[in-house]
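Biologist: I am new to this structure. Please take me through one part closely, the open sheet and what lies around it.

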Amino acid sequence: MRTQAESCVDSYDHSQPQKKRPKHSKQKIQLCPGLSGFLVTTQDVRDDRRCVNECFSLLNQAEQECSSKVEVSTDRDDNLDAKGTASTIEDLFQKEIASLAEGNSIRHASNFHHVTIACKLANYIFNKAASTSTGISRFVQRLIPIQVTCRADSEVLGRKLRELLPNTELSASSPSTSFKVCYKSRYSNSITRDEVINCIGQLLMDTAPQHKANMKNPNVVIVIEIIKSVCCIGILKHFNERHRYNLCQTSQHSQAS
């Protein structure tokens, strides 16, 4: 007498190809050229999700406080939903993810979370961190404003800087000031430090020769962060005063003083 298990084994046809179960892969938030926002880092990769939530909280709070004091001169009508209520930073973030997914222009790189908000929010956050006696962040370490991202190539970098510099303190019409190039590369050998420095130095010599390099105490810092095949560009002031845009160190320095 055959058992039920033996009958099941006999009825299984090994010659027929078996269908594989579909893999349900989650779409990741990824970095690609043409973005602007913030480069956010944390000390421990295990705190990545907490860092993102804390970053949203800081930006939303800064947006609300800046809007109440009429310090941000952006058009808030663009940030209204169908019901006429103001969208939060997280809502704008999700809309941008959806638009990028439709364009099929997503490439993965971790530790970068992009949001389309003005650099005034970063100034407000760091001014608050410098004036408070207690730290305002636990998981967010560095919060670096990024004006634009592009492909990690010296020619593309030169074109993007030609577009950005006329609207900064390093323009041809601005009075003489000092500058410095801060370069860092992660998981990439597309463009070297010397190529970046030569590209930026030659560009400033051609367009605005009155500006001079100062490695110790520059007024303006050109931040170049290479992550895989993408270059993140930020032209920032108060770089040393804000400890390389490190929220934790800015708060600690405020407590010590």
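Modeller: Here is the sheet, then the helices on it, then a pocket. Keep in mind that this is a predicted model.

Start with the strands. The open sheet has 5 of them, and their order is β3-β7-β6-β4-β5. The pairing is mixed. At the edges sit β3, residues 148–151, and β5, residues 212–213. Each of these edge strands pairs on one side only.

Look next at the β5 edge. Its partner is β4, which covers residues 178–186. The two strands pair in the parallel sense, over 2 bridges. Here S178 stands opposite K212 of β5.

Now add the helices. Helix α6, residues 193–207, packs on the sheet and touches β4 and β6. The direction of α6 makes about 150° with that of β4. Helix α5, residues 154–164, lies across three strands: β3, β6 (220–227) and β7 (230–237). Against β7, helix α5 runs at about 30°.

Strand β7 also leads to a pocket. The second largest pocket has a volume of about 300 Å³. It is lined by 16 residues, and those closest to its centre are C119, Q147, I235, L236 and K237. Two elements give two or more residues to this lining: β7 and α4, the latter spanning 119–131. Helix α4 gives the most, with 4 residues. By type, the lining of this second largest pocket divides into 7 nonpolar, 5 polar and 4 charged residues.

So much for the strands, the helices and the pocket.

Conventions: Residues are numbered from 1 along each chain as its sequence is written. This is a predicted model: local features need pLDDT of at least 70, side-chain atom pairs count only at pLDDT 80 or more; totals for chains, interfaces and linings use all residues. Side-chain values use heavy atoms; hydrogens and water are left out. Two strands pair if DSSP finds at least two bridges between them. Contact means heavy atoms within 4.5 Å. Axes are lines fitted to C-alpha atoms, for helices over the stretch in contact, and angles run from 0 to 180 degrees between N-to-C directions. On a 1 Å grid over the protein atoms alone, a cavity is a set of points where a 1.4 Å probe fits but cannot get out, and a pocket is an open set with protein on both sides within 12 Å along at least five of seven lines; lining residues have an atom within 4 Å of a point. Grid points are joined across faces, edges and corners, and a volume is the space filled by probe spheres set on the points. Ala, Val, Leu, Ile, Met, Phe, Trp, Tyr, Cys and Pro count as nonpolar, Asp, Glu, Lys and Arg as charged, and the others, Gly among them, as polar.
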